[in-house]
Amino acid sequence: MRTIAISNYKGGVGKTTTAVNLAAIFAAQGLRTLLVDLDPQAPATDFFGLYDRAASERRTSVELLYGGAPVEEVAYAAGENLDVVASTIDLVDQNEMLLREQRLKFALDDASGSYDVCLIDCSPVMRRLAFNAYLAAAEGGMVVIPVKLDSTVMRGTALTVEATRSIADALRMPTPRWKILRTCVPGRMTNAEATGAAVLDGFFPEEQFETVIHASSKVCEGSWQWKPGGGIRAGEPPRARLRGARRRGVP
């Protein structure tokens, strides 16, 4: 199973949108796909309308990480070829000192025979939750760093890159591959956005996907309809989006 963590310590850059749409793309390709929500604010969980059910049934990432529950006991079927491990606000109240850095990796290893790819939607906070995601993606996976071209373009990006390296070094594990994905890019960039692009090119010239994600009203519409942006799960032809994903080099 290939594991892809979606992470940036800067909020509002499209992490959940990226995770949800990649999950839908992979599922549409016929890949058995797992989406794990590791954000206590539960945006991916809300997207699929699973929050109340997961909270009442106590089938969440809390039980997965802290209760030792296997993936198959907590995952919900969210569509053809797509399962979701939900999150709730209870995740923020857990004692992270009790969380082993490789707990998520071990849980995903145990479920590797059931899935082809796993997407992890990370919280924009530098905590052990994120470290769990990085280590799960360290062997053959990837950390995708969505980036919005504004005045804070380097703040979360640099922190995320450094965090992937530091946790790997601390535990003597391979540093996960990582790559930057530009999101919310307008059709015509302002001077501020052009400056942000130049900063990224200066610091990370070789670590960016060629294809960018343009701003689209479909994303906002999808969040209200519980559908990925662009209507992938609504029945619209996904071929162009699938070709775009392959061009981007996402595993």
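Which backbone oxygen lies 2.7 Å from a polar atom of the side chain of asparagine 8? In this predicted model, the partner is the backbone oxygen of proline 146. A second polar contact links the side chain of asparagine 8 to the backbone nitrogen of lysine 10, at 2.9 Å. Asparagine 8 itself sits in the loop that runs between strand S1 (2–6) and helix H1 (15–28). With a relative accessible area of 1%, asparagine 8 counts as buried, because the cut-off for that label is under 20%. Leaving aside residues up to four places away in sequence, the contacts of asparagine 8 are Val13, Lys15, Pro124, Ile145, Pro146, Val147, Gly156, Thr157 and Thr160.

The sheet provides the wider setting. Seven strands form an open sheet with mixed pairing, in the order S3-S4-S2-S5-S1-S6-S7. At its edges are strand S3 (75–79) and strand S7 (178–183), each of which pairs on one side only. On average, and with direction ignored, neighbouring strands of this sheet are turned by 25° against each other. As a rule, the strands of a sheet pair through backbone hydrogen bonds, in either a parallel or an antiparallel manner. Here, S1 and strand S6 (residues 142–148) take the parallel sense, with three bridges between them. Within this pair, isoleucine 4 has methionine 142 of S6 as its bridge partner.

Helices come next, beginning with those that meet the sheet. H1 packs on the sheet and touches S1, strand S2 (33–38), strand S4 (82–85), strand S5 (117–122), S6 and S7. The direction of H1 makes about 165° with that of S5. Helix H7 (residues 128–136) lies across S1, S2, S5 and S6, and its run is at about 155° to S5.

H7 also meets another helix. The axes of helix H6 (residues 103–110) and H7 come within 7 Å and cross at roughly 45°. The two helices are therefore oblique to each other, since an angle under 35 degrees would be needed for roughly parallel and one of 65 to 115 for roughly perpendicular. The crossing of H6 past H7 is right-handed. On the H6 side, Arg103, Leu104, Lys105 and Leu108 take part in the meeting, and on the H7 side the residues are Asn132, Ala133, Leu135 and Ala136.

Technical notes: Residues numbered from 1 in each chain as written. Predicted model: local features only at pLDDT ≥ 70, side-chain atom pairs only at ≥ 80, totals over all residues. Heavy atoms only, no water. Helix = DSSP H or I, 4+ residues; strand = E, 2+ residues; numbered from the N terminus. Buried < 20%, exposed > 50% of the residue type's maximum accessible area, 1.4 Å probe, protein only. Polar contact = N/O pair within 3.5 Å; in protein donor to acceptor, adjacent residues only side chain to side chain. Contact = heavy atoms within 4.5 Å. Pairing = 2+ DSSP bridges. Axes fitted to C-alpha atoms, helices over the stretch in contact; angles between N-to-C directions. Parallel < 35°, antiparallel > 145°, perpendicular 65-115°, else oblique. Left-handed = near helix turned anticlockwise from the far one by under 90°.
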